[in-house]
Amino acid sequence: MSKYITTPIYYVNGEAHIGHAYTTFIADTMARYEKLKGNYTYFLTGTDEHGQKIEESAQKHGKPTQEFADEISASFKNLWDEFEIGYDKFIRTTDEDHKIGVQKAFEVMYAKGDIYKDFYEGHYCVSCETFFPETQLVDGEFCPDCGRTTSVVKEESYFFKLSKYEDALLRHYEENPDFILPRSRANEVINFVKGGLRDLSVTRTSFTWGVKLPESMNDDKHVMYVWLDALMNYVTALGYGKDDANMDFWPASTHFVGKDILRFHAIYWPAFLMSLDLPLPKHIGAHGWWTRDGEKMSKSKGNVVSPKEVSDVYGVENLRYFMLREVPFGQDGDFSQRAFIDRINSELSNDLGNLLNRIIGMSGKYSDFEIDSKDVEKYHTKELDAMNEALGNLDGFMQNMQTHRYLEELWKLFSIGNKAIEEHAPWVKIKEGKKDEALATVALVANILAKASIMLSPVMPKTTAIIADALNFTIDNTSYNELVIDKKLLKLFNIKKVPPLFPRVEEPLMEEAPNAMPDDKPNDKMKEELIANKEAKKEKEEDDNLIEIGQFFETSLKVGVVVEAEEVPKSKKLLKLQVDLGEGTNRQVVAGIKEFYSAESLLNTQVCVVANLKPAKLMGMMSEGMLLAAKDEDGLCLVRPEKPKKAGTPIG
Ligand code: MSP
């Protein structure tokens, strides 16, 4: 099967920001996913270089327009190359081949009677490169999309008969409910079309930085409207308009776009294609808008997130993981370092990284690094079934672009692996002389990691290649078919040691945006998570989890009674408790459990407290103990004595 996936082509009036990176990451992930499945896949990205906006930007920078466009286009291409975006073609609308294709399309539409000449008088927003009828303007003057001042333009123009395609478009939406994804976005498009489509002005005479009309039109006053020019890139990239065009990949599987440009892709573009007698793309996938620390990004606020800056300090694959995991496709997302660091530490470092380290450690100790899957089915059918069920759910999520659900489901595999280690405790089995059982658990986890790495590879290609190398296989369509589709297990091999893949991030590595979270600094918040994970981390870093009894008794655990409880303002996670440990004065414990317990519900209940932790400050408040709790994918619960015990009773 062939698949054709595209990003929007980016305007060359400024450097790439995190929103551009997001579209590119999703499209790249989807293209890699299709390639992994063995589909013949073509992935297109590029730059949109014509129009008044670019011409004006170049002038502002005092540069000839082409030179300016060359520089910014190269900066996008270099960034994607540095990020190892696996595009098959990087198109520029200033490419000669592209211009030929656009001119050809104009000729075909004109010959069909879909383009005619008239006068245009209207309000034009240069920034959006769009005309708006007076009724849509804000205060009779400002652009309804971006709020900038529009200017009145009266000029001779060629028009495309968009109105002619109104019914055909509505029929198409109805017959293809997945044309616009997520489906929830379809209504705004359908209502817009139902509101009546006006013919679209598709040429300009007020500036010259654009594709000229075809020679056959004999009208060199006009240049093409930038959206006609730009949308055509999806077919000119395949050679449309040239004798040697190879349109095998057409129609596109998915055009990924931001919600702001959905209308152009879901109305104008299919109408142009109908006019050209070309089939329509299968899906237009519209994603949401990214903000930073809850605020809209803008150059004037100085809070634009540069993907290069983020990737330089956190790594591009961590960034890909974060963006695709954080946001349900179609919804707006927020970039905050705190949320980013949380995911790196808890999901990448703890769940995935430590699992790999643990089996490297255990197999080194018990079997000289040899991993043998021969007994996995004998001892671990329950885990294999659960793993296969989760693996089987993945494709549906990816097909619907629900990358956050896809990753969430994939992470179930790591929790199956971690649980199996806890439940089967290979170190105990070794002591009991049940070496086969111990090694089967280690091999189970190796298989989990292998299969999960294959499925994670579209999101984190380089990291998963390192994991696969440690597990002595290569991620490709063959291993996908064998290990994921045919559910085979790894053959006998020797596992390799790998350097830590996800070093924990102890504090923010980038400067915060101006005015971001002034009194809720990530540093404090992170400490909360750090403390919660400290014990777990120390434990997991041990190769096989064995400690001396004396080490256990170094921890003083006591029964406590919660005598006061209140919420910590401005914190999503923290509750402030006063706990009676039978010491005469109460201890203040700041606990990250607000999402799971209300303050009132804790009053007069018993808890288990780590009583000899060094006091720590959380959001400026002293915490003099830690509550014992258990957390899995269903949430967190406190560990409490089965029957009431006196405050201060030691636990051991
Ligand atoms: N050149 C047009 C697209 C033509 S496609 C035939 C264009 N370019 S753009 O550079 O302004 O935007 C490119 C993409 O970046 C759009 O999909 C847009 O939605 C996306 N984003 C721009 N800012 C964004 C955020 N803050 N967040 C998420 N995506 C955003 O439009």
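## Close-up views of a predicted protein model

**Figure 1. Overall view of the protein.** The protein has 22 helices and 27 strands. The model shown here is predicted. Along its principal axes, the C-alpha trace spans about 90 × 55 × 45 Å. Of the 652 residues in the protein, 54% are buried.

**Figure 2. Helix H11, a mostly covered helix.** Helix H11 comprises residues 316-326. Within this helix, 10 of the 11 residues are buried. Among the buried residues are Val316, Leu319, Phe322, Met323 and Leu324. The buried set of H11 also includes Glu317, Asn318, Arg320, Tyr321 and Arg325.

**Figure 3. A positive surface patch that includes Lys299.** Four residues form this positive patch on the surface: Lys60, Arg148, Lys296 and Lys299. Lys299 is located in the loop that lies between strand E14 (295-296) and helix H10 (307-314). Is Lys299 buried or exposed? Its relative accessibility is 71%, and Lys299 therefore counts as exposed, the cut-off for this class being over 50%.

**Figure 4. Lys573 in a loop between two strands.** Strand E18 (557-567) and strand E19 (575-580) are linked in this view by the loop in which Lys573 lies. The relative accessible area of Lys573 is 26%, so this residue is classed as partly exposed. Which distance separates Lys573 and Glu595 in space? From C-alpha to C-alpha, Lys573 and Glu595 are 5.9 Å apart, although 22 residues separate their positions in the sequence.

**Figure 5. Cys128 and its closest cysteine sulfur.** The closest cysteine sulfur to that of Cys128 belongs to Cys146. Why is there no bond between the sulfur of Cys128 and that of Cys146? The two sulfur atoms are 3.8 Å apart, which is too far for a bond, because a disulfide requires a pair of cysteine sulfur atoms within 2.5 Å. Cys128 has a relative accessible area of 18% and is therefore buried, since buried means under 20%.

**Figure 6. Cys143 and the disulfide count.** By the distance rule for cysteine sulfur atoms, the count comes to 0 disulfides. Cys143 accordingly takes part in no disulfide; its nearest cysteine sulfur, that of Cys125, is 3.8 Å away. With a relative accessible area of 1%, Cys143 is buried.

Definitions and conventions
Residues are numbered from 1 along each chain as its sequence is written. This is a predicted model: local features need pLDDT of at least 70, side-chain atom pairs count only at pLDDT 80 or more; totals for chains, interfaces and linings use all residues. Side-chain values use heavy atoms; hydrogens and water are left out. Patches are made of residues with over 30% relative accessible area and no salt bridge: like charges are joined within 9 Å, nonpolar side chains (Val, Leu, Ile, Met, Phe, Trp, Tyr) within 5 Å. Accessible areas come from the Shrake-Rupley method with a 1.4 Å probe; for residues, only the protein chains shown count as cover. A salt bridge is a side-chain nitrogen of Lys or Arg within 4 Å of a carboxyl oxygen of Asp or Glu. Lys and Arg count as positive and Asp and Glu as negative; His and the chain ends are not counted. The place of a charge is taken as NZ of Lys, CZ of Arg, CG of Asp or CD of Glu. Helices (H or I, at least four residues) and strands (E, at least two) are DSSP runs, numbered from the N terminus. Buried means under 20% relative accessible area, exposed over 50%, partly exposed in between (1.4 Å probe, protein chains only).
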